[in-house]
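Please open the structure in your viewer and keep the selection tool at hand. This tour goes from one stop to the next, saying each time what to select and what is found there.

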Amino acid sequence: MAITEPSLAFTAALVLLAYLIGSVPFAVVVSKLMGLQDPRSYGSKNPGATNVLRTGNKTAAALTLLGDAAKGWFAIWLAERLAPGIAPAGLALVALAAFVGHLYPVFLGFKGGKGVATALGVLVAIQPWLAVATAATWLIVAVFFRYSSLASLVAAFFAPVYYVFGSGLAWYAQPAMGVALAVIGVLLFYRHRANITRLVQGTESKIGGKKKPG
């Protein structure tokens with residue numbers, strides 16, 4: 001039996017669903033369930049795992065990280081299950097919608113996190129080996145330079161590069177998904193603009209170090 005491509009309306013519904021899944025604020029949900037302070041009220045005020053870690057509760061931070069990554073993966077997995085014949089362009093929009101949902105969640109007044117974990121979850125759903133290569137890049141930069149933000153920026157830059165140049169070797173790239181990954185990378189850079197300024201000024205905090213003034 002041939003697999004038919006879903007209608008435009010159904011694809012649009014999947015994109016909207018992906019956005020709503022991406023909008024689930026795990027930093028806030030986990031903090032509330034564990035009796036912790038709202039992450040939007042301290043530190044960077046960013047609803048993400050790094051800020052949750054500032055409470056000293058590593059379990060809460062780990063759960064936030066897993067939740068944020070899982071929603072990026074789940075949105076794509078669900079779309080592929082509900083619409084096996086979805087076009088590459090439609091799936092690319094689903095991936096982008098899940099990521100944008102984390103950045104601009106409807107449940108938090110469109111003020112979300114920076115999206116690193118959710119982007120990783122998206123990569124896992126697209127191609128696990130792409131996620132491994134990108135995560136390895138993050139780890140290498142983080143170990144050598146000890147800047148989480150710099151590691152995230154370098155990984156964001158290389159993810160679409162790996163996707164394109166790895167095509168035919170470890171996977172087969174779709175142009176639409178390549179564009180989506182590039183857009184995700186641009187948005188990650190935009191969300192890290194304050195970190196970029198601090199990196200240039202030499203005031204960015206290092207992993208394991210104390211927060212620098214400025």
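Begin by selecting Trp73, Phe74 and Trp77, which are linked into a cluster by ring pairs. Keep in mind throughout that what you are viewing is a predicted model. By the rule that ring centres must lie within 6.5 Å, the count of aromatic pairs comes to five. One of them joins Trp73 and Phe74, whose ring centres are 6.4 Å apart and whose planes stand at 45°, so this pair is tilted. If you colour the model by accessibility, Trp73 appears as partly exposed, with a relative accessible area of 32%, and Phe74 likewise counts as partly exposed at 32% relative accessibility.

Next, select Phe158 and Tyr162, an aromatic pair that is stacked, with 5.6 Å from centre to centre and 25° between the planes. Because Phe158 and Tyr162 are four residues apart in helix H8, about one helical turn separates them. Phe158 counts as partly exposed at 31% relative accessibility, and Tyr162 counts as partly exposed at 26%.

With that pair still on display, add Thr137, which has its place in helix H7, residues 128-145. Is Thr137 buried or exposed? Thr137 has a relative accessibility of 11% and therefore counts as buried, since buried means under 20%. Setting aside residues up to four places away in sequence, Thr137 touches both rings you have just selected, Phe158 and Tyr162, as well as Val154 and Ala155. If you draw a distance line between the C-alpha atoms of Thr137 and Ala155, the viewer should span 5.7 Å, although these residues are 18 residues apart along the chain.

Now show helix H8 (residues 148-165) together with helix H9 (residues 175-191), whose axes come within 9 Å and cross at roughly 170°. How are H8 and H9 oriented to each other? An angle over 145 degrees counts as roughly antiparallel, and H8 and H9 are therefore roughly antiparallel to each other. To see where they meet, select Leu153, Ala156, Phe157, Pro160 and Tyr163 on the H8 side, and then Met177, Gly178, Leu181, Ala182, Gly185, Leu188 and Phe189 on the H9 side. The residues of this contact divide into 10 nonpolar, two polar and no charged.

From this contact, keep Met177 selected and look for what surrounds it, leaving out residues up to four places away in sequence: Met177 touches Leu91, Ala92, Ala95, Ile126 and Tyr163. Met177 also leads into the largest nonpolar core, which has 35 residues, and in which Ile76, Val94, Phe99, Met177 and Ile184 touch the most other members. The elements giving two or more residues to this core are helix H1 (8-22), helix H4 (58-82), helix H5 (88-103), helix H6 (116-126), H7, H8 and H9. The largest share, nine residues, comes from H5. Elsewhere, a second, separate core of six residues can be picked out by selecting Ala27, Val30, Ala60 and Ala61, which are among its members.

For the last stop, select Thr118, which lies in helix H6. At 0% relative accessibility, Thr118 counts as buried. Which residues is Thr118 in contact with, once its neighbours within four places in sequence are left aside? They are Asp68, Ala69, Lys71, Gly72, Ala98, Phe99 and His102, and Phe99 is a residue you have already met in the largest nonpolar core.

Notes. Residues numbered from 1 in each chain as written. Predicted model: local features only at pLDDT ≥ 70, side-chain atom pairs only at ≥ 80, totals over all residues. Heavy atoms only, no water. Axes fitted to C-alpha atoms, helices over the stretch in contact; angles between N-to-C directions. Parallel < 35°, antiparallel > 145°, perpendicular 65-115°, else oblique. Contact = heavy atoms within 4.5 Å. Nonpolar A, V, L, I, M, F, W, Y, C, P; charged D, E, K, R; others polar. Buried < 20%, exposed > 50% of the residue type's maximum accessible area, 1.4 Å probe, protein only. Core = buried A, V, L, I, M, F, W, Y, C linked by side-chain atoms within 4.5 Å. Phe/Tyr/Trp six-rings, centres within 6.5 Å; stacked < 30°, edge-to-face > 60°.
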